[in-house]
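Here's a quick tour of a protein–DNA model, written for someone at the bench. Have a look at the sequence and the structure first, then read on.

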Number of protein chains: 2
Amino acid sequence: MAISKRKALSENQIQLIAKALADPRRYEILRRLGDHENALACGTVLECLEISPATLSHHMKELKTAGLVQQVRKGKFVSYLPQRDVLEAYFERLRKDLI
Amino acid sequence: MAISKRKALSENQIQLIAKALADPRRYEILRRLGDHENALACGTVLECLEISPATLSHHMKELKTAGLVQQVRKGKFVSYLPQRDVLEAYFERLRKDLI
DNA sequence: TCGATATTTCGACAACTATCGAATTGATGA
DNA sequence: TCATCAATTCGATAGTTGTCGAAATATCGA
């Protein structure tokens, strides 16, 4: 089949994604992740945004819970990988619901 | 030209839309508006959702501020018209930023 | 103009959330 | 094992927001 098959998002995940996108800081983080094909290191994000490590950790947790990023650990360091297919599924759902 | 021309959304409006979509009640309202080609009456929405008139008014104001609906007054009654082009512009922007 | 109905605004309150410093956990290299 | 650095969790706080009842505003028909 030509059409990509994505797993449908639950009502709950739709809400989690919407909330995740609604915070400017998280949006900015996602935007930066989107720029990079590879995973982006936690420390790198921290350099760009002027927030404390605790706050970043909080936001990344929200993004993980929403399924928008995946976490990769390499020794001491943590990186994040954007989950583009989840975003695509979200867009698709929004279009179906609202347009 | 075949391609629709949409006015670009400001940073601020992007945030307003994201916030507007993040509330389950507002999402539900938008979903119902999306179902109807014509404008949907305030009272009709009120019958569907179990919220007070004051709360509905609050949410509709948020949706208006975000540019997602337009308000039409017919005498005593108020109806709302979904602004599908704004939603489209929003999707387009998200895709450009995040994918 | 007046009374009735629809919607909005106001004021208050509870729930939620972004933020940070401090304490904690995880992982490495010496 | 221990010192060190990265990241997370905890606890507290300030700001935001969803909610409603009551008061105010808007519009119509009599």
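Of the atoms of DNA strand C within 4 Å of the protein, what percentage belongs to sugar or phosphate rather than to bases? It's 80%, with bases making up the rest.

Before going further, some ground rules: this is a predicted model, where local features need pLDDT of at least 70 and side-chain atom pairs count only at pLDDT 80 or more, while totals for chains, interfaces and linings use all residues. Residues are numbered from 1 along each chain as its sequence is written, chains are lettered from A and ligands numbered from 1 in the order in which they are written, and side-chain values use heavy atoms, with hydrogens and water left out.

**The DNA strands**

Let's stay with strand C. It has 24 residues around it, and R25(A), T55(A), H58(A), H59(A) and Q71(B) come nearest; a residue counts as near if one of its heavy atoms lies within 4 Å of the strand. Chain A supplies at least two residues of this surface from each of helix 2 (24-35) and helix 4 (53-65), and chain B does so from each of helix 3 (42-48), helix 4 (53-65) and strand 3 (77-82). Those helices (H or I, at least four residues) and strands (E, at least two) are DSSP runs, numbered from the N terminus. By class, the surface near strand C splits into eight nonpolar, eight polar and eight charged residues. Here Ala, Val, Leu, Ile, Met, Phe, Trp, Tyr, Cys and Pro count as nonpolar, Asp, Glu, Lys and Arg as charged, and the others, Gly among them, as polar.

Over at DNA strand D, there are 24 residues around it, with Q71(A), K19(B), R25(B), T55(B) and H59(B) coming nearest. Sugar and phosphate make up 81% of the strand D atoms that come within 4 Å of the protein. The surface near strand D has eight nonpolar, eight polar and eight charged residues.

Some of the phosphate contacts are listed here.

| Protein residue | DNA strand | Distance to a phosphate oxygen |
|---|---|---|
| R26(A), side chain | C | 3.1 Å |
| H59(A), side chain | C | 2.4 Å |
| Q71(B), side chain | C | 2.7 Å |
| Q71(A), side chain | D | 2.8 Å |
| V78(A), backbone | D | 3.0 Å |
| R25(B), side chain | D | 2.4 Å |

**Where the two chains meet**

Now for the protein–protein side. In chain B, 22 residues are in contact (heavy atoms within 4.5 Å) with 22 residues of chain A. About 2300 Å² is buried between the chains, 63% of it from carbon and sulfur atoms; that is the accessible area (1.4 Å probe) that two parts lose on being put together, summed over both. In chain B, Y27(B), F91(B) and L98(B) lose the most area to chain A, together 30% of what that side buries.

The rule finds two salt bridges across this interface, each a side-chain nitrogen of Lys or Arg within 4 Å of a carboxyl oxygen of Asp or Glu. E88(A) forms a salt bridge with R95(B), their closest N and O atoms being 2.6 Å apart. On the chain B side, helix 1 (11-21), helix 2 (24-35) and helix 5 (84-98) each supply at least two of the residues that touch chain A. Helix 5 of chain B gives the largest share, nine residues. That side of chain B divides into 12 nonpolar, two polar and eight charged residues.

**How the copies are related**

Chain B can be laid on chain A with an RMSD of 0.0 Å by a turn of 180° and a shift of 0.0 Å along the axis, superposing by least squares on the C-alpha atoms of residues with pLDDT of at least 70 in both. The two copies are thus related as by a two-fold rotation axis. And 100% of the interface residues of chain B are also interface residues in chain A, so the copies meet through the same surface.

Conventions. Polar contact = N/O pair within 3.5 Å; in protein donor to acceptor, adjacent residues only side chain to side chain.
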